[in-house]
Amino acid sequence: MYETLCLSALPEGESAYVTEVNAAPAMDRRLTDLGLVRGTRVTCVLRSPAGDPCAYLIRGALIALRRSDAEGITLERRAQEQPARAVAT
Amino acid sequence: MNRVALAGNPNVGKSTLFNALTGLRQHTGNWAGKTVATARGSYTYEGQEYQLIDLPGTYSLAAHSQEEAVARDFIESGQADGVVVVCDATCLERNLILVLQVLELTGKVLVCINLMDEAERLGVQVDLPALSQRLGVPVVGTAGGRQDGLEELKGAVATLVRSDVPAVPERAPAERVTLAERYADQVVRSRSAQRLRRQRRIDRLLTSKATGIPLMLLLFGLVVWLTVAGANFPSALLTELFARVGAVLEGWLANIPAWLRGLLLDGVYRVTAWVVAVMLPPMAIFFPLFTLLEDLGYLPRAAFVMDHAFQRAKTCGKQCLTMCMSLGCNACGVTGCRIIDSPRERLIAILTSSLVPCNGKFPTLIALITIFFVGGRTGLLASLEGAVLLLGTLVLGVAGTLGCSRLLSATVLKGVPSSFALELPPFRKPRVGQVIVRSMLDRTLFVLGRAVSVAAPAGAFIWLMANLTVGDASLLAHCTGFLDPFARLFGLDGVILMAFLLGWPANEIVLPVMLMAYLATGSLVEFDDLAALGALLSEHGWTWLTAVCTMLFSLFHWPCSTTCLTIYKETGSVKWTALSVVIPTALGLGLCLLVSTAARLLGLA
């Protein structure tokens, strides 16, 4: 079994793969446009001073998402990502 | 004539490429959403004329937002003889998603991989022939900022408009993403570059809990300090120069009627000269510095750091970007609000856009700070003090924006913040020379020209008002006398309020108009520097409290006429335009009343 977590809980510097996207239709479309779909590898790169929003590396681009939006995205850590302290490219 | 559309993700250097090809000067900046309207320009290649249409940057063509609809409609309408899809080489995979989508609408596509130089520095290599083979359309590489590959691009465009490639069948969105991933895997080679790691380190420094906010204040503080410290000397030089020219003009005009001489010299010339002398130096320093920050890619980081505050105001974090645009010119800030997708949040950003002081207010603020709070001293310490106070004024403007946004969210524009995704582009080396030239020519001279064209008639008008008498006093005295009791309540006086009313077309002329009005009724006839200005103001009963209230009112009052017109155009509603006038005015008057009453009750003034 892979470990699942939501995007907002992904620690800084760690990566995981998207398994499910639960967002309002507009946001869902925007995320798809940005290439965030099932199977996409996401890395948490930056945390803003308040801890919300965070910036994630998605398909080579750095995208800031608010916690309320990141909470709807479910991830799984895959075996090769553990120990998951992958370089935050 | 051949028509070619430029499409692409936001912030891939489309506008830079457009400028390089057409020789036009679309404003560029390193953040997503810079181009909010379509620009057109043309160039000639091998005797053929090509019209370029710079479409707004979009992540998709699904027509969910205004920009997407504009881009999609244009491509689908068949008005274009070809579409150039511009991609960012440093982030090709994401960009390919849009390329694939365009290919479903038309086959007459040329893929332009821009920012090749940037990618190389970041250790990214793109195999252009391999990509072309996979996509089935030609691919060229460019570095728009350095003008590399432009000739090749023009040649490819010439071939493109004659080509006839059919569109491919539509795919499901997720299918596009998968295909983009596969292609990118096959054609992009990237090695972990030290530069990329350094960018991340800088990013962390700029956004971390401990350093993010202090560094932001420091950066903006530095820009403000350089503006305050650097503006003094050229301002004094210009004032002296204009005084000499004035003396010469006086000699030339010695033989014309005294009233006409007064109108031309004391009215038109003096006000115009003041506007130029006081406005030009701070603008000529502030605009290029700010453009450098913009070009570097810092603004989205500032928006990232500030977003939590906007979340609490229940608005969009991109409002921080539109506020930055407002710093240059409120009207630009209003147009810039188009980058905000949610109509509710966009309206809030528009209504509060004039709470950020525009460049035209800086000279007034700087002059009052220097005279009343730095005591007219010069030197490093004095300029630092001045900068801190001006930064404080800016912070107050930001606080006012957040407060009013929150209030609007709780009252007439109720709602919860919509979701948003903000791209933080890689830092780019600013093109210093280009930035200075462009910001001087495009922004500084443009804004100055507008101010001068308002200042000259305003100078004539105010002179006439000061010199035409009705009964026992001048028209001006009647007006200021009428406004005076009301203005005094708010710690101002009739002349100050009158100057703000007359300054509606351009904030830059507020201080000169004030000056003209005082000179017309005062004993001083000449003034040559800030000390003389200080003496003149004191002579007319100004205290530190008057200065504070004038600064507050300068910060928060009705938007200038251009901004009002832009707000009306953007909202299409008299009601919202009226509200955008009422909000800052009420805030300014409220604060003035509060401060002046408090100071009087406490016996401070």
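# A tour from the A–B interface outwards

Start with both chains on screen: chain A and chain B bury about 3,100 Å² between them, and carbon and sulfur atoms give 59% of that. Buried area here is the accessible area (1.4 Å probe) that two parts lose on being put together, summed over both. Three residues to select straight away are A:Pro49, A:Arg59 and A:Arg66, which supply 26% of the area that chain A buries against chain B, more than any other three residues. Now show the contacts (heavy atoms within 4.5 Å): 31 residues of chain A meet 40 residues of chain B.

Before going on, bear in mind that this is a predicted model, where local features need pLDDT of at least 70, side-chain atom pairs count only at pLDDT 80 or more, and totals for chains, interfaces and linings use all residues. Residues are numbered from 1 along each chain as its sequence is written, chains are lettered from A and ligands numbered from 1 in the order in which they are written, and side-chain values use heavy atoms, with hydrogens and water left out.

**Stop 1: A:Arg66.** Pick A:Arg66, in the loop between β5 (61-65) and α2 (67-70) of chain A. Helices (H or I, at least four residues) and strands (E, at least two) are DSSP runs, numbered from the N terminus. Is A:Arg66 buried or exposed? A:Arg66 is buried, at a relative accessible area of 2%; buried means under 20%, exposed over 50%, and partly exposed in between (1.4 Å probe, protein chains only). Leaving out residues up to four places away in sequence, the chain B residues that A:Arg66 touches include B:Asp307, B:Phe310, B:Cys316, B:Pro417 and B:Phe420. On its own chain, A:Arg66 touches A:Asp52 and A:Pro53.

**Stop 2: A:Pro53.** Follow that last contact to the loop between β3 (41-47) and β4 (54-58) of chain A, where A:Pro53 is found. Zoom in on the peptide bond from A:Asp52 to A:Pro53: this one is cis, with omega near 5°. Most peptide bonds are trans.

**Stop 3: B:Leu422.** Cross to chain B and select B:Leu422 in strand β9 (residues 421-423). B:Leu422 is buried, with a relative accessible area of 5%. Apart from neighbours within four places in sequence, B:Leu422 contacts A:Leu62, A:Ile63 and A:Ala64, and on chain B its partners include B:Phe304, B:Lys318 and B:Leu321. Try a distance from B:Leu422 to B:Lys318: they are 104 residues apart in sequence but 7.5 Å apart in space, C-alpha to C-alpha.

**Stop 4: two positive phi values.** Most residues other than glycine have a negative phi. B:Lys314, in the loop between α11 (298-312) and α12 (319-328), has a positive phi of about 60° and is partly exposed, at 29% relative accessible area. B:Leu115, in the loop between β5 (109-114) and α4 (116-121) of chain B, also has a positive phi, near 60°, but B:Leu115 is buried at 9%.

**Stop 5: helix α21 of chain B.** Select residues 530-539 of chain B; the buried ones are B:Ala532, B:Leu533, B:Gly534, B:Leu536 and B:Leu537. Just after this helix, B:Gly541 takes a positive phi of about 85°.

**Last view: all of chain B.** Zoom out to see 24 helices and 11 strands. The C-alpha atoms of chain B fill a box of roughly 85 × 55 × 45 Å along the principal axes. Of its 605 residues, 57% count as buried.
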